[in-house]
Amino acid sequence: FGVEMHFRSLILLVCCSFGAGIILEVPVNERVCIGEFLEMNELVVGKFSFHDEPAHGKDMLMDVEVVDPVLTSVYTKFKTTDSGKFAFTTKTFGDYTFCFKNTPREGIAAQPDWFKSVVFEVKHGVDAKDYTKMVQTEHLSVLELQLRRMEDVVKSLHEEVIYMKTREHSMRNTTDSTHSRVVYFALFSITVLFCIGMWQLWHLKRFFQAKKLI
């Protein structure tokens with residue numbers, strides 16, 4: 001289904017807590033999407049697995065796609081029944097969309113009540129880092145690991161503050177620019193109306209003088 005974002009079947013039927021992830025029930029021939037706002041240059045890791053509906057689960061295949069805010073696919077896996085993992089670093093900020101589409105196997109006449117369950121988990125930022133692997137590779141103690149985690153959290157918060165200040169500055173510039181344009185337009189409108197009024201007075205004066213009324 002590529003990057004085409006016609007969410008005709010964007011229906012979230014079930015979205016309930018499941019540990020650190022969620023469970024989605026995807027009806028056959030439907031597409032279920034969820035979105036997450038992510039910052040720029042942010043690490044994102046995710047994993048998914050499928051749980052078959054007992055009677056017809058094996059007769060359905062899943063398409064998995066992750067799309068960035070500019071509608072570019074950053075991860076795709078088509079016609080699969082296997083679990084999977086993905087990881088990427090965001091190139092722009094905005095809403096990233098995670099989609100699952102359920103299609104029947106070729107030659108299978110699917111019924112409307114068929115569905116497939118998806119267990120989906122996604123993490124980003126500090127939560128996406130594998131600190132267990134870091135302990136093994138860098139031989140960190142428990143205290144050093146906690147300090148490293150706190151350092152990453154503080155760094156993430158600092159970057160968030162910088163981002164918010166940048167956005168605030170951009171919004172302020174936009175507001176100031178809009179205000180200036182409104183003021184100039186108002187002055188221009190007043191000038192035009194004044195000129196039109198003076199021209200009308202001059203025209204009426206000449207008219208009355210031509211008629212020798214004044």
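**Exercise 1. The surface patch**

Identify which residues of this predicted model form a nonpolar patch on the surface, and place Phe185 within the secondary structure.

*Solution.* Step one is to list the members: Phe185, Phe188, Val192, Leu193 and Ile196 make up a nonpolar patch on the surface. Together these residues have about 520 Å² of accessible area. Step two is to locate Phe185, which belongs to helix H2, residues 142-210. Step three is to classify Phe185: exposed means over 50% relative accessible area, and Phe185 therefore counts as exposed at 57%.

**Exercise 2. The helix H2**

Compare the expected span of H2 with the distance between its end C-alpha atoms, and state which of its residues are buried.

*Solution.* The helix has 69 residues, and at 1.5 Å a residue H2 should span 102 Å. The end C-alpha atoms lie 101 Å apart, which agrees with that expectation. The burial assignment then gives Leu145, Asp152 and Tyr163 as the buried residues of H2. Just after H2, Lys212 adopts a positive phi of about 60°.

**Exercise 3. A salt bridge within H2**

Explain why Glu168 and Arg172 are separated by about one helical turn, and describe the contact between their side chains.

*Solution.* Begin with the general geometry: an α-helix has 3.6 residues a turn, so residues three or four places apart point the same way. Glu168 and Arg172 are four residues apart in H2, and therefore about one helical turn separates them. Their side chains meet in a salt bridge, with an N to O distance of 3.1 Å. For accessibility, Glu168 is partly exposed at 45%, and Arg172 is partly exposed at 41%. Elsewhere, salt bridges with shared partners join Lys47, Glu121 and Lys123 into one network.

**Exercise 4. The remaining salt-bridge contacts**

State how many salt bridges are counted, and decide whether Glu65, Arg31, Lys123 and Glu121 are buried or partly exposed.

*Solution.* The count comes to four salt bridges. In one of these, Glu65 pairs with Arg31, and the closest N and O atoms are 3.3 Å apart. This pair links distant parts of the chain, since Glu65 is in strand S5 and Arg31 is in strand S3, 34 residues apart. Both Glu65 and Arg31 are buried.

A further salt bridge brings together the side chains of Lys123 and Glu121, at 3.5 Å from N to O. Lys123 has a relative accessible area of 35% and is therefore partly exposed. Buried means under 20%, so Glu121 counts as buried at 15%.

**Exercise 5. The setting of strand S5**

Show why S5 is largely enclosed by the rest of the structure, and determine which strands pair with S5.

*Solution.* First consider burial: eight of the eight residues of S5 are buried, so the strand is largely enclosed by the rest of the structure. Next consider the two faces. Met60, Met62, Val64 and Val66 point one way from S5, while Leu61, Asp63, Glu65 and Val67 point the other way, and all are buried.

Then turn to the pairing. S5 runs antiparallel to S8, and eight bridges join the two strands. Within this pairing, Leu61 has Thr103 of S8 as its bridge partner. S5 also pairs in the antiparallel sense with strand S6 (residues 73-80), over five bridges. Here Val66 stands opposite Tyr75 in S6. The hairpin of S5 and S6 has five residues between the strands.

**Exercise 6. Positive phi in the loops**

Describe where Asn41 and Leu71 are found, and classify their accessibility.

*Solution.* As background, most residues other than glycine have a negative phi. Asn41 has a positive phi near 60° and is found in the loop between S3 and S4. With a relative accessible area of 60%, Asn41 is exposed. Leu71, likewise not a glycine, has a positive phi of about 65° and is found in the loop between S5 and S6. Leu71 counts as partly exposed at 43% relative accessibility.

**Exercise 7. The nonpolar cores**

Determine which residues of the largest nonpolar core touch the most other members, and which strands each supply at least two of its residues.

*Solution.* The largest nonpolar core has 20 residues, of which Leu24, Phe48, Phe86, Phe100, Val118 and Phe120 touch the most other members. At least two residues of this core come from each of the strands S2 (21-27), S3 (30-38), S4 (43-52), S5 (60-67), S7 (84-89), S8 (94-104) and S9 (115-124). A second, separate core has five residues, including Tyr131, Met134, Leu140 and Leu145.

Methods:
Residues numbered from 1 in each chain as written. Predicted model: local features only at pLDDT ≥ 70, side-chain atom pairs only at ≥ 80, totals over all residues. Heavy atoms only, no water. Core = buried A, V, L, I, M, F, W, Y, C linked by side-chain atoms within 4.5 Å. Buried < 20%, exposed > 50% of the residue type's maximum accessible area, 1.4 Å probe, protein only. Patch = residues over 30% accessible without salt bridge, like charges linked within 9 Å, V, L, I, M, F, W, Y side chains within 5 Å. Areas by Shrake-Rupley, 256 points an atom, 1.4 Å probe, with all protein chains shown as cover. Pairing = 2+ DSSP bridges. Expected span 1.5 Å × (residues − 1).
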